[in-house]
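Subject: Structure for your review

Dear colleague,

Please find below the structure I am handing over to you, together with its sequence. My findings follow it.

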Amino acid sequence: MKYQRIGVFLSANTDVPAAYTDAARGLGEWIGHTGRTLVYGGMAMGLMEVIGQAAVGAGGHTVGLIPSGAHWQGKQSSAVQMEILCTGLADRKQSLIDESDILVALPGGIGTLDEIFTTLSSAGVGEHAKPVILLNTDHCWDSLIALLDDLRRRGLLRPQFDAYLLTASTLEELIRMIESRA
């Protein structure tokens, strides 16, 4: 199986639309049922907790990337089976890229955007060849996709950018994309 370790960027917020929670749960369950490993932020917060518990509950494995600062103490999810301590958020992003075979972005905020763009930037300069798939649940990423399309029309994105950023409208489409690339 080519894509064994699925890195996931997603929100740590709890007050999000039910569709986002369902997507996180569904992806976690698929990861677990297929014997894959979830690589994620590892916090007992928001969608992170949902996906972690779903993956473990379905028989999967989890790797939690835990920042070592005092702010994060006591917020680690019980779903984390393997813990990697990170010196901060920048180290956590790099570890997520390094520890994953492919990356998926579920709905999220500033942190998720930061992770997406760091991954795409580093792929664009040849540091890795790992794609990011945006799961566009309930059209969450429509504005971002429109912005990137505008940048592409203006000639501000390199041609290889499209090889590293993919979009799936549904969980089923995301799963097909991962399985067809494997």
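Helices, here and throughout, are DSSP runs of H or I with at least four residues, numbered from the N terminus. In that scheme Asp114 lies in helix H4. Please bear in mind that this is a predicted model.

Asp114 and the pocket

Asp114 is partly exposed, at a relative accessible area of 37%. Its C-alpha lies 9.6 Å from that of Ala90, while the two residues are 24 apart in sequence.

Helix H4, which covers residues 110-124, also takes part in the largest pocket, giving five residues and thereby the largest share of the lining. The volume of this pocket is about 360 Å³. In total 22 residues line the largest pocket, and those nearest its centre are Met48, Arg92, Gly111, Thr112 and Glu115. S1, H3 and H4 are the elements that contribute two or more residues to this lining.

Another residue of helix H4 is Ser122. Is Ser122 buried or exposed? Since buried means under 20% relative accessible area, Ser122 counts as buried, its value being 9%. Beyond its neighbours within four places in sequence, Ser122 is in contact with Ile97, Glu127 and His128.

The nonpolar cores

The largest nonpolar core consists of 32 residues, and Ile6, Val8, Leu27, Leu174 and Ile178 have the most contacts inside it. At least two residues of this core come from each of the strands S1 (5-9), S2 (37-40), S5 (102-105), S6 (132-135) and S7 (165-168), and likewise from each of the helices H1 (18-33), H2 (46-57) and H7 (171-181). H1 supplies the largest share of the core, namely six residues. As for Leu174, its contacts, leaving aside neighbours within four places in sequence, are Leu27, Val104, Ile133, Leu135 and Ala168. Apart from the largest core lies another, of 20 residues, with Ile84, Cys86, Ala123 and Trp141 among them.

Helix H2

Helix H2 has twelve residues. From its first C-alpha to its last, H2 reaches 17 Å, close to the 16 Å expected at 1.5 Å a residue. Which residues of H2 are buried? They are Gly46, Leu47, Met48, Ile51, Gly52, Ala54 and Ala55. The elements that cover these buried residues include S1, H1 and S2, as well as strand S3 (61-67) and helix H3 (89-99). One of the buried residues of H2, Met48, was named above among the residues nearest the centre of the largest pocket. After H2 comes Gly59, which has a positive phi, near 95°.

Salt bridges

Side chains of opposite charge can pair when their charged atoms come close. The count of salt bridges in the model comes to seven, and I describe some of them here.

In helix H1, Asp22 and Arg25 form a salt bridge, with 3.4 Å between the closest N and O atoms. Because these two residues are three apart in H1, about one helical turn separates Asp22 from Arg25. Asp22 is partly exposed at 46% relative accessibility, and Arg25 is also partly exposed, with a relative accessible area of 35%.

Asp150 and Arg153 are joined by a salt bridge at 3.7 Å, N to O. These residues lie in helix H5 (residues 142-153), and because they are three residues apart there, about one helical turn lies between them. Asp150 is partly exposed, with a relative accessible area of 23%, whereas Arg153 counts as exposed at 64% relative accessibility.

A further salt bridge connects Arg152 with Asp162, where the closest N and O atoms are 2.7 Å apart. This pair links distant parts of the chain, since Arg152 belongs to helix H5 and Asp162 to helix H6 (residues 161-164), ten residues apart. Arg152 is partly exposed, its relative accessible area being 31%, and Asp162 is partly exposed at 40% relative accessibility. Through salt bridges that share partners, Asp149, Arg152 and Asp162 are joined into one network.

Yours sincerely

Conventions
Residues are numbered from 1 along each chain as its sequence is written. This is a predicted model: local features need pLDDT of at least 70, side-chain atom pairs count only at pLDDT 80 or more; totals for chains, interfaces and linings use all residues. Side-chain values use heavy atoms; hydrogens and water are left out. A nonpolar core is a set of buried Ala, Val, Leu, Ile, Met, Phe, Trp, Tyr and Cys residues joined through side-chain atoms within 4.5 Å. Buried means under 20% relative accessible area, exposed over 50%, partly exposed in between (1.4 Å probe, protein chains only). Contact means heavy atoms within 4.5 Å. A salt bridge is a side-chain nitrogen of Lys or Arg within 4 Å of a carboxyl oxygen of Asp or Glu. The expected span of a helix is 1.5 Å times one less than its number of residues. On a 1 Å grid over the protein atoms alone, a cavity is a set of points where a 1.4 Å probe fits but cannot get out, and a pocket is an open set with protein on both sides within 12 Å along at least five of seven lines; lining residues have an atom within 4 Å of a point. Grid points are joined across faces, edges and corners, and a volume is the space filled by probe spheres set on the points.
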